[in-house]
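These are my notes from a reading of the structure shown below. I go from the whole chain to single residues.

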Amino acid sequence: LRAEASVTRGNKLLNFAVGQLLALGESPSGSHQVHALNTLREVLRDKFILTDVSNIAQDVFILLLKRYTALDWSVRNSATMTFSVLIARALRLSNPSKEPVTEAKKSSKGMTITNFFNKMDKMRDFLLGQIQGSIAALSSAEENLETSTHTSVYAILVLLSNMIPSRLETPKDKQSLGPFIPLLQKLAYSKQWKVREMAGKALVPFVCRSDFLPFVCELMSIFVKSGFRVPANEIHGRLLQYQFLMGAHFRSLEVSEKKEALQHLFPLLSHIALNAAATPAPISLLTMQIIFSFLVEPNNGQEIAPELFTKTLELSEI
């Protein structure tokens, strides 16, 4: 393959080799799958052989996500290692981020979810099906008290969370992205902490700037509407969504919009602050982290948050 890349402009041999490896990756033999995935990883890693992965990324993504359900640990391990290389190359990341999308990341070069689906037209329906299957598998495992289940949900959430929100105020294909939001929110209320956290991050690229404020207001208004009779996992999941969405969009809001966004959060914050003894520790900790970010970090509500929060506490005590 290196010889072909150095002496010709074509990639006939490369296309043949990748096609054969993809076929081996679908074979019933676990050892064949492992060797195919490991070889694909080396091909993807070699920028001399493969300067642009866009032509094969879609098919490789689909193969890898399918292999996450394999019973053989070695297959899942090879899929994970290959996935980490592919996601860095396909999304042009120097290091796949484990942090929520920040303003710095939002303004940097990155791939939006819209561009991703435009380049890989089969991925939208495939990912929807995989997420729905993962939700069913996780629900079944929780009901049957199973300690582990093999799904592609973690890889999918990592993939989605490494994309950035649309740069357009109103993306043309909002309707095509809509089905993902309720599915990701359902995962955000899972009994598994890490699933909730990763789902909150994965939701960020699906909420564009124009939809952000009504989205977070609706997200938090459920607490007041229900009289705070909400399961602890859902409270934690909603707070995580709020935290990551605010991290991506809050600094770009006008002052009046910041006030509106915070006013929907502070009733919950005051409720937790005044009932700390009855509040699960993870929720109290996350709440304090959110309060700290607004009260201390510059340009993140520092100029309006203290006054709003103090007034909310005073009203709550009355």
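I began with the surface of this predicted model, and I noted that the chain exposes about 15,800 Å², of which carbon and sulfur atoms supply 56%. I then looked up burial and found that 49% of the 318 residues of the chain count as buried.

For the secondary structure I wrote down 17 helices and zero strands. I also checked the contacts in the chain with a separation of 6 or more, and residues 24 or more positions apart account for 74% of them.

Next I turned to the interior, where the largest nonpolar core has 94 residues, and I noted Phe116 and Leu127 as those with the most contacts inside it. Which residues does Phe116 touch, not counting residues up to four places away in sequence? I listed Phe61, Leu91, Met111, Met123, Leu127, Leu159 and Met163.

Leu159 led me to helix α9, residues 153–161, where I found seven of the nine residues buried, so this helix is largely enclosed by the rest of the structure. I recorded the buried ones as Val153, Ala155, Ile156, Leu157, Leu159, Leu160 and Ser161.

I then looked for aromatic pairs and found that the structure holds six. For Tyr68 and Phe83 I noted ring centres 6.2 Å apart and planes at 90 degrees, which is over the 60 degrees required, so I entered the pair as edge-to-face. This pair links distant parts of the chain, since Tyr68 sits in the loop between α4 (54–67) and α5 (73–90) while Phe83 belongs to helix α5, 15 residues apart. Both Tyr68 and Phe83 are buried. I also saw that ring pairs join Tyr68 and Phe83 with Phe61, Phe116, Phe117, Phe180 and Phe206 in a cluster.

I looked at two further residues. Val43 lies in helix α3, residues 30–45, and I entered Val43 as buried because its relative accessibility is 7%, which is under the 20% cut-off. From Val43 to Val18 I noted 8.6 Å in space, C-alpha to C-alpha, although the two are 25 residues apart in sequence.

Is His236, in helix α14 (residues 232–249), buried or exposed? I found a relative accessible area of 3%, so His236 is buried. Leaving aside its neighbours within four places in sequence, I listed the contacts of His236 as Trp193, Arg196, Pro282, Ile283 and Leu286.

Conventions
Residues are numbered from 1 along each chain as its sequence is written. This is a predicted model: local features need pLDDT of at least 70, side-chain atom pairs count only at pLDDT 80 or more; totals for chains, interfaces and linings use all residues. Side-chain values use heavy atoms; hydrogens and water are left out. Buried means under 20% relative accessible area, exposed over 50%, partly exposed in between (1.4 Å probe, protein chains only). Helices (H or I, at least four residues) and strands (E, at least two) are DSSP runs, numbered from the N terminus. A nonpolar core is a set of buried Ala, Val, Leu, Ile, Met, Phe, Trp, Tyr and Cys residues joined through side-chain atoms within 4.5 Å. Contact means heavy atoms within 4.5 Å. Rings of Phe, Tyr and Trp (its six-membered ring) pair if their centres lie within 6.5 Å; planes under 30 degrees apart count as stacked, over 60 as edge-to-face and the rest as tilted. Accessible areas come from the Shrake-Rupley method with a 1.4 Å probe; for residues, only the protein chains shown count as cover.
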